[in-house]
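Visitor: I should like a close look at a single strand and its surroundings. Please describe how it is paired and how it is enclosed.

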Amino acid sequence: VFPLLNRIQEVSLKTIVIATDLSPRSDRALRRGLRLAAKLGAHAHVISIVDDAMPEDMVAQLSESVTERLTSHLAALDAPQDASVSVLSGDPVELVSEFAVAREASLLVLGVHRKRGFLDRLRESTSERIVAASLVPVLIVKDFADGDYERILAPVSFSQACAAALRSAAIIAPEAETTSFHVLHVPFAGLTGGTHGTEMSRAVRAETERKREIWMQSSNLPAGYVSPEIIVGSVPQTLASKISQVSPDLIVCGTHERGMAVHKLGSFAADLLRDPPADLLVSPPLAR
């Protein structure tokens, strides 16, 4: 594992892939990605995917038009001179993921997905599918890139995916203040006397503290990272409370690591992706 961790940290300063569909949502991702590339001295690859379910000549014309628009837009944004543009045709999930691997990207930057109301309850969005397929951390950009990230909020599950997300956050926002927490669930609280002060709650907390210590010692966490607070409660309520307290401009989390999850990302990461309260950095398990 650790050689892979070191490789990810090493190339994190070199290669960023930014995916755009030319929408205002994607424009925010483009601006943030270019800002990070300039700050980190990274090479920015800008990629856009056009629908291939059209006659070949129309695909070619559209690809040429998108290339011209993106090239012109990069010039207007004063992008780094070595920033490149690629326009491909086909399935965006496959192509974006394959492109990131081919370029040895260490960060993939996307805009938030377009809300589709009822359809969002029935199927995964393109953003969810791209994040689920990605082998590298993905930054979902919601807000305008009007400054560096200053406040990071990191819900952690003591997983390697969470550790990888924290390492990536330390690279793209080295001066940000990080607040992290782990939500503890006390099982059968109604039958055992409650969530605090009972034999069950003490045993569960002791086991959780042990897992936190092991994770802190074995996960190659960023220098200076402070041990996460353990909070008894529900994840949604705790997250909402912490967002109110911290007002984060970047939320950091890992994807699910268990193969039998209902969502490939895990329901927590999937819910955040569908309606992120701020920019969101999601990292996959390193074993993928």
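Guide: Five bridges connect strand β9 (residues 250-254) with strand β10 (residues 279-283), and the two run parallel. Strands here are DSSP runs of E with at least two residues, helices are runs of H or I with at least four, and both are numbered from the N terminus; two strands count as paired if DSSP finds at least two bridges between them. The model is predicted, so local features need pLDDT of at least 70 and side-chain atom pairs count only at pLDDT 80 or more, while totals for chains, interfaces and linings use all residues. Residues are numbered from 1 along each chain as its sequence is written, and side-chain values use heavy atoms, with hydrogens and water left out.

Within the parallel pair, C253 has V282 of β10 as its bridge partner, and G254 stands opposite S283. β10 also pairs with β5 (residues 138-141), in the antiparallel sense and over three bridges; there, I140 is matched with L280. Both pairings belong to an open sheet of ten strands with mixed pairing, in the order β3-β2-β1-β4-β5-β10-β9-β6-β7-β8.

In a regular strand the side chains alternate between the two faces of the sheet. In β10, D279, L281 and S283 lie on one side and L280 and V282 on the other, and all are buried (under 20% relative accessible area; exposed is over 50%, partly exposed in between, with a 1.4 Å probe and protein chains only). Because five of its five residues are buried, β10 is largely enclosed by the rest of the structure.
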